[in-house]
Amino acid sequence: MKRRDFLRQGLGMTSGLIAATNSPLTLAQTISQTGFSKPIFNLNDFNLPTIEEGQTIQGKQVFKLRLQQGQTRILADTTTETIGINQDFLAPVLRMKKGQTVKMEVTNNLNETAALHWHGMVLPATEDGGPHQAIQPGKTWVAEWKILNEPSTLFYHSHTHNQTGQQVWRGLGGQMQIVDVDRDADLGIPHQYGIDDYPVILMDRAFDESGEFYYNNTRMNKMRGMHGDVMLVNGVANSVLKPKKTLVRLRLHNASNARFYHLAFSDNRSFQLIASDGGLLEKPTTLRQIRLAPAERAEIVVDLSDRNPITLRSIKGYGNLSMGMMGGGNARYLDQNFDLLHIDSSQSERSSAFKTTQLITLPDWSKVQVTQTRRMSLEMQMGPRMMFGSGGFTINGQAMDMDVINEVAHSNTFEIWELQNPSMMHHPFHVHNTQFKVLDRDGKAPYPWENGFKDTVTVHADEKIRILFPTGPYKDSKIPYMYHCHILEHEDAGMMGQFTVT
Ligand code: C2O
Ligand code: CU
Ligand code: CU
């Protein structure tokens, strides 16, 4: 059977995949089934990230962000050297509104160069926070733009040339939310932060014997991407969410360097998918499982009114570790079932049921004029270049070069990009400065969680995908935007290109 047929069929095999975990579990039972060999964790409280909404100064929302070093207790018995934004590890949730002008004052208090990128935003190339906006130690970089994006869950993270993987791994990343609580209230969507609306930022990390992060960019690690055997939600392992209400919105966000998640609840309950990367879908979609590649987000509404304890899980068998030679060996490279987040709704206040069947109307792009079609081939040369660690990760045969503009687009036009993957691994492909529509996947409809607007889409081995998007209103003939694989080790190794919009 060809790999892609297997993947497609896999989605239909719900009952088989979930059968083993089909009965509601008590929290104690779920812990014993995590598969960890040593009980290094106790149950932890859910970590609700601080919110940062900025200060209004002369009509702008001003955010002061400091990149800093610290020590964090992630493992039960030791601390780990970490980096973060306004905190020791990871970052606050930045909240903003469509139409606001935001001003980000980013001060680099690290001992190394860093860049901070606003993933998913439509904005001028000079404000994008990619490798061309590197901030030297001790310096402050100011980015300012008007929020044109629809309300959505976005990602901000390090995008430092060749250093993105290790900086994100150590903690330089967080969630951004463009919110419209009045609209959400009208639509009957949970929208109160920390009451019925929760960020769920998923990461895996590996540790060495002394409790420090293990990050080693060897050839094999580059190829598979860094994975870990410790699962974190908002930076905390083995945590229990006790939501204040029984109807909750979870903003699922895969902030991992390389791990793909195939998510489901321990009792296989259904949930409503309401939004993908770029904001709300037209209608809620009932699902029992969802797959998220690195950088993908999905907002779901879950009804907990039965008050059964449940666990959000990642089911093995999806992603690059599930592919023969890519897994195995080192315990850090586990393709197995993982418990991610326990949910205890026994004390939650009862909310009324979710009855929304229609959300918003999305713009119809079926008749737009497409001015340019480009082909992007995501390649890993498996020959001597790769084997000796000197490259091999390319797009259309070119490795990322800061001095080369690979493509030139025109502002306010629509383009179709045909993404091809002749390599033997899956690659989540991301384009800056836009939200796209996934037109098709090998000529067939995209997965249900790929409806709406997206900024990242997985191109599985041997697949072809077409995406359609507007190039946006901003022009800059010199400073480029990036497109790349969002497995951060692949990005750092060269699977990235640059385009200008003129
Ligand atoms: Cu999420 Cu170019 O990045
Ligand atoms: Cu981005
Ligand atoms: Cu890749």
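# A guided tour: aromatic cluster, copper sites and a sheet

Begin by selecting W417, F429, F469, Y481, Y483 and F499, which together make up one aromatic cluster. Rings of Phe, Tyr and Trp (its six-membered ring) are taken as a pair if their centres lie within 6.5 Å; planes under 30 degrees apart are called stacked, those over 60 edge-to-face and the rest tilted. The model is predicted, so local features need pLDDT of at least 70 and side-chain atom pairs count only at pLDDT 80 or more, while totals for chains, interfaces and linings use all residues. Residues are numbered from 1 along each chain as its sequence is written, chains are lettered from A and ligands numbered from 1 in the order in which they are written, and side-chain values use heavy atoms, with hydrogens and water left out.

**Aromatic pairs**

Across the whole structure, a search finds 19 aromatic pairs. Display W417 with F469: this pair is edge-to-face, with 5.1 Å centre to centre and 70° between the planes. W417 belongs to strand β27 (residues 414-420) and F469 to strand β31 (residues 464-470), so the contact ties together parts that are 52 residues apart in sequence. Helices (H or I, at least four residues) and strands (E, at least two) are DSSP runs, numbered from the N terminus. W417 is buried at a relative accessible area of 1%, and F469 is buried at 2%. Here buried means under 20% relative accessible area, exposed over 50%, and partly exposed in between (1.4 Å probe, protein chains only).

Move next to F429 and Y483, a tilted pair at 6.2 Å centre to centre with 45° between the planes. F429 lies in strand β28 (residues 427-431) and Y483 in strand β32 (residues 476-485), so this pair ties together parts that are 54 residues apart in sequence. F429 is buried, with 0% relative accessibility; Y483 is buried as well, with a relative accessible area of 2%.

**Copper sites**

Select the copper ion (ligand 3): H427 (ND1), C485 (SG) and H490 (ND1) coordinate it at 2.0 to 2.1 Å. Donors are N, O and S atoms within 2.8 Å of the metal (3.2 Å for Na, K and Ca); water is not among the atoms, so sites may look incomplete. Along the chain, the donors of this ion follow the spacing H-x57-C-x4-H. H427 is in strand β28 and H490 in helix α8 (residues 488-493), so the two tie together parts that are 63 residues apart in sequence. H427 is buried at a relative accessible area of 0%, and H490 counts as buried at 0% relative accessibility.

At the copper ion (ligand 2), the protein donors are H117 (NE2) and H430 (NE2), lying 1.9 Å from the metal. These donors link distant parts of the chain, with H117 in strand β8 (residues 116-119) and H430 in strand β28, 313 residues apart. Both H117 and H430 are buried.

**Charges over rings**

Select R224 and Y333: R224 lies over the ring face of Y333, 3.7 Å from the ring centre. K437 lies over the face of F453, 4.9 Å from the ring centre. The criterion is NZ of Lys or CZ of Arg within 6 Å of the ring centre and within 35 degrees of the ring normal.

**The open sheet**

Finally, show the open sheet of seven strands, ordered β14-β13-β12-β16-β21-β18-β19 with mixed pairing. Two strands pair if DSSP finds at least two bridges between them. At the edges are β14 (236-237) and β19 (279-287), each pairing on one side only. Within the sheet, β12 (residues 197-205) and β16 (residues 247-254) pair in the parallel sense over six bridges. End at Y198, whose bridge partner in β16 is L250.
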